[in-house]
Amino acid sequence: MPYTAETGETSAMSVPSDSMKRLDLKSGTVGRFVATGTLTRGQYGLYRWDMPANAGGAGGHFHRSFSEAFYVLEGTPNLFNGQTWAPGAPGDFMYVPEGGIHGFRNDSPAPASMLILFAPGIAREAYFEELAEIGWSGRTMTKADWDELYARHDQVMVED
């Protein structure tokens, strides 16, 4: 909804980097929740994703209820556009509307970093927190377990 008041308001929010929630995945990837949907009143979410060399990542998938965008900061992460995997470079951008097949991973021998933006700002951090817990705990997941997890988080896996 547009802002309709005649004058502006003091409503800007600043988030110091040391206060952002950090998520350490077993692969060595570090996620930082820069702006969660709670902070942005559900308009978008923004994460920073720092992947070490050969960290892997997310295979082909799509989402029914939100769009996603990727902006490469450093390195050459591979981005999947639904047809091909291609190395990204600093400054590259990929937008994925709802239903768009995509994926990302770092197969390179050097670290890679990118920003991930999704809209609207659903509580996407719950998905990544659960993945981290599964990795660190060593919990064994059946296909049914994975299917249930993906269904709860609007993550529809496809072949890439």
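A nonpolar patch of about 350 Å² lies on the surface of this predicted model, and the residues that make the patch are Y71, F93 and Y95. One of these, Y95, belongs to strand 8, which covers residues 93-96. Y95 has a relative accessibility of 48%, and because exposed means over 50% and buried means under 20%, Y95 counts as partly exposed.

A residue of helix 1, E130, offers a second case, and the table sets the two side by side.

| Residue | Element | Relative accessibility | Class |
|---|---|---|---|
| Y95 | strand 8 (residues 93-96) | 48% | partly exposed |
| E130 | helix 1 | 18% | buried |

With the cut-off for buried set at under 20%, the 18% of E130 explains why this residue counts as buried. If neighbours within four places in sequence are left aside, E130 is in contact with R139, L149, R152 and H153.

Helix 1 itself runs over residues 125-137, and its 13 residues, at 1.5 Å a residue, should span 18 Å, which agrees with the 18 Å between its end C-alpha atoms. Its buried residues are E125, Y127, F128, E130, A132 and I134. These buried residues pack against three strands, namely strand 1 (21-24), strand 2 (30-35) and strand 3 (45-51), and also against helix 2 (143-152). An α-helix has 3.6 residues a turn, so residues three or four places apart point the same way.

What phi does G138 take just after helix 1? Just after the end of helix 1, G138 takes a positive phi of about 75°.

Definitions and conventions
Residues are numbered from 1 along each chain as its sequence is written. This is a predicted model: local features need pLDDT of at least 70, side-chain atom pairs count only at pLDDT 80 or more; totals for chains, interfaces and linings use all residues. Side-chain values use heavy atoms; hydrogens and water are left out. Helices (H or I, at least four residues) and strands (E, at least two) are DSSP runs, numbered from the N terminus. The expected span of a helix is 1.5 Å times one less than its number of residues. Buried means under 20% relative accessible area, exposed over 50%, partly exposed in between (1.4 Å probe, protein chains only). Contact means heavy atoms within 4.5 Å. Patches are made of residues with over 30% relative accessible area and no salt bridge: like charges are joined within 9 Å, nonpolar side chains (Val, Leu, Ile, Met, Phe, Trp, Tyr) within 5 Å. Accessible areas come from the Shrake-Rupley method with a 1.4 Å probe; for residues, only the protein chains shown count as cover. A salt bridge is a side-chain nitrogen of Lys or Arg within 4 Å of a carboxyl oxygen of Asp or Glu.
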